[in-house]
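Please walk me through this model in the viewer, one selection at a time. I would like to know what to select next and what is there.

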Amino acid sequence: MKTTSLPILFPLTLILLAIACSSNEKNTPQTPQEPEKTLSATNAFPALTFNRPVEIQQVAGDSTRFFVVEQEGVINVFSNNKSVATSQIFLDIKSKVQAGGERGLLGLAFHPDFKTNGYFFVNYTAGSPLKTVISRFKAASSTGNQADPQSEAILFTFNQPYDNHNGGSLQFGKDGLLYIATGDGGSGGDPQNNAQNHRSHLGKILRVDVNKTDKGNYGIPADNPFVAASSGFLPEIYAYGLRNPWRISFDTETGRLFAGDVGQNVREEIDIITKGGNYGWRLKEGVDCYNPSSDCNPAGLTEPIHDYKQDNGDRSITGGYVYRGTAIPSLSGKYIYGDYVSGRIWALEMDGDKKKSNAVILENQGSISSFGQDTKGEVYFLNHSEGKVMKLVNGNLN
Ligand SMILES: [Ca+2]
Ligand SMILES: [Ca+2]
């Protein structure tokens, strides 16, 4: 997401929308019958409001609770009940987190065996000089609503040369390994060329084994693509050439890893992340050459499965989830994603590894900072500025 420019961009979006609305009125006089709207977003927990929420998660196999991360460094927990009136603080690490703009507590993932070990993992920015911290914390019990802030065990850290582009997602794969999305470090245009630097954590998808200890509080999976010292890569690297992967997720059915990678000035993209893949940045921005601006060498680069131009107010992709719920059959198997600036939400349909179709399903949904998926496969999203948890539902509620 491009939070640093939000105060400027948000009014601009409103102006653009106002222009779009007025021209529509002129061009479509007296539409006889609008097609029935079959999809809506509803406030999932109307009594709850969060301060700049950036992540929503459930524990696998536990549909009774939700966890919402506030960017300043708080994880909240509350009952999965539409009329829930209060949430509790599960973890407060504001004193450790440096938040603001694109910095903060940015990711949360529960250990696949959380019910027995109480472990969960976070991704946050801290300190001066600025760095990213990947840490494990422990809940007192698998059902308790408080974790011990003193239980931190740091897996690893890496420096952030600029405030922006800090990635932040953490997700466990079906392989039980932890996947970590990192941005290119920031500024604009990746001036340090971090995303293509084999020795940098930045601009990557990292993969580690949190059950091993050969690196202290984690280990390197034996089948990571660059484990051989002769590769010249950091062994944590799973894929590279990303700019600012703002939200990654696994399709719970196929196990495929999707990433929404925020663009520079022209294109936003969606990638399916595969082992050892090079996703092109900064040579390419989406399907365009970026640096060099023409005749970039595409050899060995994996193209996005879909990209879109920064038109119509679309300026910053927020990657979502493949819908695997039952409430909205028309979305089944489609990748749901949005744009932080335009508030538009799309459904991308795949045919194998190729795009079959892509369609807008909702508009004007505010500053979409993240999507979430419950244990039943239903899809939620967070309105960053208004602090709301929204849920995709069937039918027209308005
Ligand atoms: Ca950064
Ligand atoms: Ca790319």
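## A salt bridge to start with

Select Lys-94 first: with a relative accessibility of 36%, Lys-94 counts as partly exposed. Keep in mind throughout that this is a predicted model. Now add Asp-92, which forms a salt bridge with Lys-94; their closest N and O atoms are 3.0 Å apart. Asp-92 is also partly exposed, at 32% relative accessibility. The structure holds 16 salt bridges, and the next stops take in some others.

## Glu-253 and Arg-324

Select Glu-253 and Arg-324. These two form a salt bridge, with 3.5 Å between the closest N and O atoms. The pair links distant parts of the chain, 71 residues apart: Glu-253 sits in the loop between β14 (245-250) and β15 (257-261), and Arg-324 in the loop between β20 and β21. Glu-253 is exposed, at 54% relative accessibility, whereas Arg-324 is partly exposed, at 21%.

## Glu-303 and Lys-284

Move to Glu-303 and Lys-284, whose side chains meet in a salt bridge at 2.7 Å, N to O. Glu-303 lies in the loop between β18 (288-289) and β19 (306-309) and Lys-284 lies in strand β17, so the salt bridge ties together parts that are 19 residues apart in sequence. Is Lys-284 buried or exposed? Its relative accessibility is 10%, so Lys-284 counts as buried, the cut-off being under 20%. Glu-303, with a relative accessible area of 34%, is partly exposed.

Then select Asp-175, Arg-207, Asp-223 and Lys-275 together: salt bridges with shared partners join these four residues into one network.

## The calcium ion

Select ligand 2, the calcium ion. Which protein atoms are its donors? They are two OE atoms of Glu-269 and the O atom of Tyr-279, at 2.2 to 2.6 Å from the ion. Glu-269 belongs to strand β16 (residues 267-273), while Tyr-279 is in the loop between β16 and β17 (284-285), ten residues away. Both donor residues are buried: Glu-269 has a relative accessible area of 5%, and Tyr-279 is at 3% relative accessibility.

## The four-stranded sheet

Finish with the open sheet of four strands, ordered β20-β21-β22-β23 and paired antiparallel. Its edges are β20 (317-322) and β23 (354-362), each of which pairs on one side only. Direction ignored, neighbouring strands in this sheet are turned by 25 degrees against each other on average. Zoom in on β20 and β21 (residues 335-339), which run antiparallel and are joined by four bridges. To find one of the bridge pairs, select Ile-317 and its partner in β21, Asp-339.

Terms used
Residues numbered from 1 in each chain as written. Chains lettered and ligands numbered in written order. Predicted model: local features only at pLDDT ≥ 70, side-chain atom pairs only at ≥ 80, totals over all residues. Heavy atoms only, no water. Donors = N, O, S within 2.8 Å, 3.2 Å for Na, K, Ca; no water. Helix = DSSP H or I, 4+ residues; strand = E, 2+ residues; numbered from the N terminus. Buried < 20%, exposed > 50% of the residue type's maximum accessible area, 1.4 Å probe, protein only. Pairing = 2+ DSSP bridges. Axes fitted to C-alpha atoms, helices over the stretch in contact; angles between N-to-C directions.
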